[in-house]
Amino acid sequence: MAVLLKLTARRSSASTASKSFSSYLCRGFSTSSSSSTLNPETDLKLGSLFSRNSLPLRPEPKDRNVQWVFLGCPGVGKGTYASRLSSLLGVPHIATGDLVREELNSSGPLSSQLKEIVNQGKLVSDEIIISLLSKRLEAGEAKGESGFILDGFPRTIRQAEILEGVTDIDLVLNLRLREEALLAKCLGRRICSECGANYNIACIDIKAENGKPGIYMAPLPPPPHCATKLIQRADDTEEVVKNRLRIYNEMSQPVEDFYRQRGKLLEFELPGGIPESWPKLLEALNIDDHEDKKSAAA
């Protein structure tokens, strides 16, 4: 797909070489880790993971792709917009939420513990997130992936510091949406139990008031063959969603400040659904999507 990326990726001037991303994540985390909430069997496995030797030094590719981070409340649409930009720019979209859900659906040692954490609306511990992300990055490295869009990581100052010591993040995009719209959006989410496709039955129409612009987000209804097979995620209840948003807001400010002080944070207030937000997001990122323009002109 023809894309003109006018945003120049920043390069690290401190060094011409960087250690393996996944290896550094493990080592950086193990040197500053707080007490673990995992069981002894899992602790032993993670301890083995964190104590591995780092991979050899390798030069950073001069033509590497973008290395972006997406921040935003649960349900704001990070996955949707990160996936679109991933396809547009030709970089992998790595969502820690997806990694957690994959582990939940597996028979791995963390599955039962994750179910309890997620169903209570709590945040998954750093130990688990680092472990899952490290495995994903190693797999991508083996396939020759260059660049990435991280979705859901980092979510703490400690994670941000580890990431900063590992690689040069070009841009941190912070997606924002009014809380009443976020709540309605989360409660309207549905998944097809057969094919796994995501839909949303909520029609959000919030009128402008007190200086705040109105927001309209049309529902994303399923096709007929999925309509009778829709299920709701166990953690998409009003109580759990509100608790999840409260926890996120408490923890997000320090991370936002961390990147704001480094001149890497871009705030973007979603004006509505995908039709309204996508072109404005591309404009904010200084990206020209020639294929999108061709489709609009056709």
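The legends below describe an overall view and three close-up views of a predicted model.

**View 1. The whole protein chain, with its helices and strands.** The protein chain contains 12 helices and 14 strands, and of its 298 residues 44% are buried. Among the contacts in the chain with a separation of 6 or more, 77% are made by residues that stand 24 or more positions apart. The area that the chain exposes is about 15300 Å², of which carbon and sulfur atoms supply 53%.

**View 2. The two sides of helix 5.** Helix 5 spans residues 111-119, and its buried residues are Ser-111, Gln-113, Leu-114, Ile-117 and Val-118. Because these residues cover an arc of only 155° around the axis, they lie on the same side of helix 5. Ser-112 and Glu-116, by contrast, are exposed on the other side of the helix.

**View 3. The neighbours of helix 5 and the residue that follows its end.** The buried residues of helix 5 pack against two other helices, namely helix 4 (96-104) and helix 6 (126-142). Just after helix 5 comes Gly-121, which takes a positive phi of about 75°.

**View 4. Lys-207 in its loop.** Lys-207 is found in the loop that runs between strand 10 (204-206) and strand 11 (215-217). With a relative accessible area of 58%, which is over the 50% cut-off, Lys-207 counts as exposed. When residues up to four places away in sequence are not counted, Lys-207 touches Arg-178 and Gly-214. The side chain of Lys-207 also makes a polar contact, at 3.4 Å, with the side chain of Asp-205.

Definitions and conventions: Residues numbered from 1 in each chain as written. Predicted model: local features only at pLDDT ≥ 70, side-chain atom pairs only at ≥ 80, totals over all residues. Heavy atoms only, no water. Helix = DSSP H or I, 4+ residues; strand = E, 2+ residues; numbered from the N terminus. Buried < 20%, exposed > 50% of the residue type's maximum accessible area, 1.4 Å probe, protein only. Contact = heavy atoms within 4.5 Å. Areas by Shrake-Rupley, 256 points an atom, 1.4 Å probe, with all protein chains shown as cover. Polar contact = N/O pair within 3.5 Å; in protein donor to acceptor, adjacent residues only side chain to side chain. Arc of directions from axis to C-beta.
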